[in-house]
Amino acid sequence: MKKTYLATAVAALFASPITTAIAADTLLDDVVVSSSRSEQRSFDAPGSIQSVNRSQIENSGPQINLSESLAAIPGINAANRNNYAQDLQVSIRGFGARAPFGVRGVKMFIDGLPASLADGQGQTSQFAITSADRIEVLRGPISSLYGNASGGVLQVFTRNPSEQPELLVADTFGSYGLNHKNIQYSEKRGDIGIVVDSSNFKSDGFRQYSAVEREHLNAKFVIETERGKASIIANYLDNKYAQEPGSLTAAQYRDTPYMAQSANITGKYGKSFTQGIYGLVFDGKISSDTSYSYRLYSGSRKLDNPGGVYFVIDRKMQGGAASISTNTRIANTPVKLTTGIEYDYYKDYRKGFVNSSGSQGSQNRSEDNIASSYGGYIHSEWLLSEKYTGLLGLRYSSTKIEVTDFWPVTLPTNPDGTGSKSFTGISPVIGLTHHLNQQTNIYAQVGRGFESPTMNELLYKTKDDGTSFENKYDYSVRAAKSLQSEVGIKWRDQNRATLDFAVFHIKTQDEILPRVSRTTGSTWLNADTEKYGLELSGLKVLPYDLAVRGALTFITAKYSEPAGSGFSGGKIPGIPQSQIYLDLSWRSNGWLNRSKITYTEAGVDFRSVGKSYANSDNSEFANNYQLFGIKLSHNIKQGPHSLSLFGRVDNLLDKKYVSSVVVNQENRQYYEPGMPRNWILGVKYSLAMN
C-alpha cells in the first residue's frame with residue numbers, strides 16, 4: 001500500500017503530458033498546466049484550479065464570451081452585460097470587481113502569451129473562444145506567483161493541429177439579430193502543424209443602441225522537433241463597431257430597462273478598434289530531468305472611442321519571459337524546482353477631443369502613457385514523504401507607470417498630467433498537500449499578493465473639494481498587498497465523481513477601490529479590506545446516462561476601515577454574495593466514452609447569483625436572481641464527415657435582472673440589465689481529409 005501512495009505522490013510532483021492526459025472527449029477532463037507551469041491534473045495540482053473542456057464550451061452558448069462556460073467554476077464571477085463596448089466584468093474571489101470596464105486584478109493568458117498588460121489591465125475580447133480547447137481558472141495564494149495583479153489567473157488554451165487535415169465550418173443564429181460564423185482549418189505534416197480559426201460576429205443587441213460587429217482571426221503554427229516544441233501564435237481582432245448604451249439609474253432600470261442614455265445616442269458613444277498579439281512560445285528539454293521555456297511577443301491596439309471625451313489611442317506592446325525547470329534533490333528530498341524571469345511593456349499614444357455628435361471636435365489632450373513591469377520567481381514542489389508534498393515559492397515584481405503630458409504647452413488652462421511612479425512587491429507562498437489516499441488530497445496554502453494601480457487609475461485626481469476631478473497624475477493611490485490563505489480537499493471516484501472544496505480568507509492592505517466612476521475621469525482610493533468564503537464544485541455520473549455538475553460560491557467582502565463613502569464593516573460593492581450553478585445533462589452514449597460517434601445530448605442548467613451592492617455606502621444594490629437554460633444537440637459521424645445540430649434557450653422564464661453593476665457611478669447609473677429570454681440555433685460541419 002505504501003508503494004501505491006508513493007507512486008501517486010511522485011506522479012503528482014513530476015507529472016508529464018503523457019502520464020496525466022485524459023481522453024479529451026470524456027466528461028471528467030482534468031488536464032491543467034497553470035499551477036506549476038507544467039502539465040498535470042487539477043487533482044494533483046497544489047491549489048484551487050479547475051478547467052472546462054471543449055465539449056463544455058460548445059454546449060454553453062454561441063462561443064462569443066468567456067462567461068458562457070465559466071459558471072461551472074466556483075470563485076469566479078464573469079458578468080456578461082452583453083455590452084461589447086465595455087467587455088466582460090471578471091473577478092476572482094473579489095479581485096477585479098472594481099473595474100468599470102475591462103479586467104483588473106486577474107492575470108490572463110492566451111496559449112502562454114499575456115492578455116493582461118504590464119500594469120494589470122486587460123480585455124477578454126482577445127480570446128478566440130471558437131478555437132479554445134480548454135479554459136482554466138487558478139485561484140488562491142499560488143496565483144500570486146504570476147506577479148502584479150494576479151489575484152487569480154485565467155488561461156485559454158487553443159486546440160492543437162489535428163493529425164490529418166480537417167476543415168470545420170459553423171454558423172449560429174439567435175435572438176436580436178445574432179449571427180456567428182466560424183471556419184477552421186487544421187493540418188499536421190511531419191513535425192509541422194497549423195490551426196487557423198476565423199470568425200465573424202454580428203448582433204443588433206437586445207438594448208437600444210447596442211449593436212456590434214467584429215471579426216476575429218486566431219492562427220497557431222506548431223513545430224515539434226527533438227529539441228522541443230515551438231508554438232507561433234497570431235491573434236487579430238477587428239472590432240468594427242460596438243455601440244455603448246450606458247448604464248442605468250434605479251428608476252430607469254425599473255421603468256425602461258432596455259433603454260439607452262440619450263447622451264450616448266447623441267454623442268454616438270462606443271468603440272471601434274483593431275488589436276493583435278503575435279508571439280512565440282518554446283518548450284524544450286535539456287535532459288530527462290531538466291526542461292526550459294521562453295516566450296517573446298509583440299502587439300498593438302488602435303482605438304477610436306467617442307464618449308464623454310473622444311479618445312484616440314495607438315498602443316504598442318512587447319515583452320518576453322524565460323524559465324527553467326529541473327527535478328533534483330535538496331537535503332536528500334526530491335524537488336521539482338522552477339525559476340524564471342518576465343518583462344512586459346506598453347506605450348499608448350493618447351489623444352483626446354471634444355465629442356461633437358460622434359465626431360472629433362477641438363483637441364484637448366495629448367499624452368504618452370507608458371507602463372513597464374519585470375519580475376522573477378522561484379517555485380518549488382517537494383516530495384517530503386510518501387503522503388506529503390510541499391510547496392515553496394517567491395516572486396519579486398516591479399511596475400512603473402509614466403505619463404508625459406504634451407498638452408499644457410498649447411493649452412495652458414489645462415493642468416499638467418505628467419507623472420511617474422514605481423511600485424514593487426515581494427510575494428512568498430508556502431503550501432502543504434496531504435495525499436490521504438489515491439482518491440483524496442487535502443491541502444493548505446498561505447501567500448502574499450501584490451497589485452499596482454493601472455494606468456487608468458492614475459490619470460485623474462480628485463480636487464480638494466472632494467467632488468470634482470482634474471487631469472493630474474494621482475500620486476496618492478498606492479499598491480495593494482494582500483495576505484491570502486486557503487484550505488481545501490479534492491476527491492475523485494474512479495472517473496465517476498469529483499468533489500472540490502475550499503475555504504479561503506484574504507486580508508488586503510490598501511485595496512484599490514473606486515471613489516467615483518465616470519464616463520471619463522474616474523478617481524480611486526485605497527482602503528484595507530477583508531474577504532472570506534467557501535467554494536464547492538463537483539460532478540457525478542448517474543444511472544440512465546445522466547450526469548450532474550454543480551458549483552457553489554459564498555463570499556463576504558467588507559471594508560476594514562472607513563474610506564470615501566465606504567464604512568468599516570460595510571460590504572465592498574460589485575461582489576455577488578453567492579453564486580450557485582447546476583447542470584443536469586443526458587448523453588445517449590453515456591459520459592465515460594469518447595464522443596467521436598453519433599450521439600444526442602440534452603440538458604437543463606440553473607444559475608443563481610446573489611445580492612451585490614452598487615455603491616460603497618451600501619444604499620443601492622442589485623437583487624439576487626435565478627436563471628434557467630435548456631440545450632439540445634444531435635451529433636452525427638459518418639466516415640470522415642461529422643455534423644452537429646444544436647440549440648439553446650437562455651433565461652427560459654424571461655427573468656428581468658441586473659447582470660452587472662458599475663460601482664460608485666457618478667450619476668447613480670449603477671445598473672446594466674441582463675438579456676431577456678434568448679435562443680440560438682446552429683450547425684457545425686467538419687470533414688477529416690486524407
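# Exercises on strands, salt bridges and nonpolar clusters

In the hairpin formed by β27 and β28, three residues lie between the strands, and Y544 takes a positive phi near 65 degrees. Helices (H or I, at least four residues) and strands (E, at least two) are DSSP runs, numbered from the N terminus. The model is predicted: local features need pLDDT of at least 70, side-chain atom pairs count only at pLDDT 80 or more, and totals for chains, interfaces and linings use all residues. Residues are numbered from 1 along each chain as its sequence is written, and side-chain values use heavy atoms, with hydrogens and water left out.

**Exercise 1. Determine how β27 pairs with β26 and with β28.**

Solution.

Step 1. Two strands pair if DSSP finds at least two bridges between them. β26 and β27 are antiparallel and share 17 bridges. Within this pairing, I506 faces K531 of β27.

Step 2. Six residues separate the strands of the β26 and β27 hairpin, and there G521 has a positive phi near 95 degrees.

Step 3. On pairing with β28 (residues 546-559), β27 is again antiparallel, over 14 bridges. L534 has F554 in β28 as its bridge partner.

**Exercise 2. Give the strand order of the open sheet of five strands and identify its edges.**

Solution.

Step 1. The order is β3-β8-β9-β6-β7, and the pairing is mixed.

Step 2. β3 (48-53) and β7 (113-114) each have a single partner strand and stand at the edges, so one side of each lacks a neighbour in the sheet.

Step 3. β3 pairs with β8 (residues 132-139) in the antiparallel sense over six bridges. Here S48 stands opposite R139 in β8.

**Exercise 3. Examine the salt bridges of R93, R518 and D605: which partner does each have?**

Solution.

Step 1. A salt bridge is a side-chain nitrogen of Lys or Arg within 4 Å of a carboxyl oxygen of Asp or Glu. The structure holds 33 of them.

Step 2. R93 pairs with E535, with the closest N and O atoms 2.8 Å apart. R93 lies in the loop between β5 (89-92) and β6 (107-110) and E535 in strand β27 (residues 523-542), so the pair ties together parts 442 residues apart in sequence. Both residues, R93 and E535, are buried; buried means under 20% relative accessible area, exposed over 50%, and partly exposed in between (1.4 Å probe, protein chains only).

Step 3. R518 pairs with E666, the closest N and O atoms being 3.4 Å apart. Because R518 is in the loop between β26 and β27 and E666 in the loop between β35 (658-661) and β36 (671-673), this pair links parts 148 residues apart in sequence. R518 is buried at a relative accessible area of 10%, whereas E666 is partly exposed at 42%.

Step 4. D605 meets R648 in a salt bridge of 3.1 Å, N to O. D605 belongs to strand β30 (residues 599-609) and R648 to strand β34 (residues 641-650), so parts 43 residues apart in sequence are tied together. D605 counts as buried at 10% relative accessibility, and R648 counts as buried at 7%.

Step 5. Salt bridges with shared partners join R93, R139, E486 and E535 into one network.

**Exercise 4. Describe the largest nonpolar core and the contacts of L458.**

Solution.

Step 1. A nonpolar core is a set of buried Ala, Val, Leu, Ile, Met, Phe, Trp, Tyr and Cys residues joined through side-chain atoms within 4.5 Å. The largest has 26 residues, of which L113, Y346, A371, I401, F423, M455 and L458 touch the most other members.

Step 2. β15 (270-285), β17 (310-330) and β20 (388-405) are the elements that give two or more residues to this core.

Step 3. Leaving out residues up to four places away in sequence, L458 touches I401, F423, P453, K472, Y473, D474 and V477; contact means heavy atoms within 4.5 Å.

Step 4. Another core, of 22 residues, lies apart from the largest one and includes L70, V90, V103 and M108.

**Exercise 5. Locate D111 and Y209, and state whether each is buried or exposed.**

Solution.

Step 1. D111, a residue other than glycine, has a positive phi near 50 degrees. D111 is in the loop between β6 and β7 and is buried, at a relative accessible area of 11%.

Step 2. Y209 is not a glycine either, yet has a positive phi of about 55 degrees. The loop between β12 (192-203) and β13 (212-225) holds Y209, which counts as buried at 16% relative accessibility.
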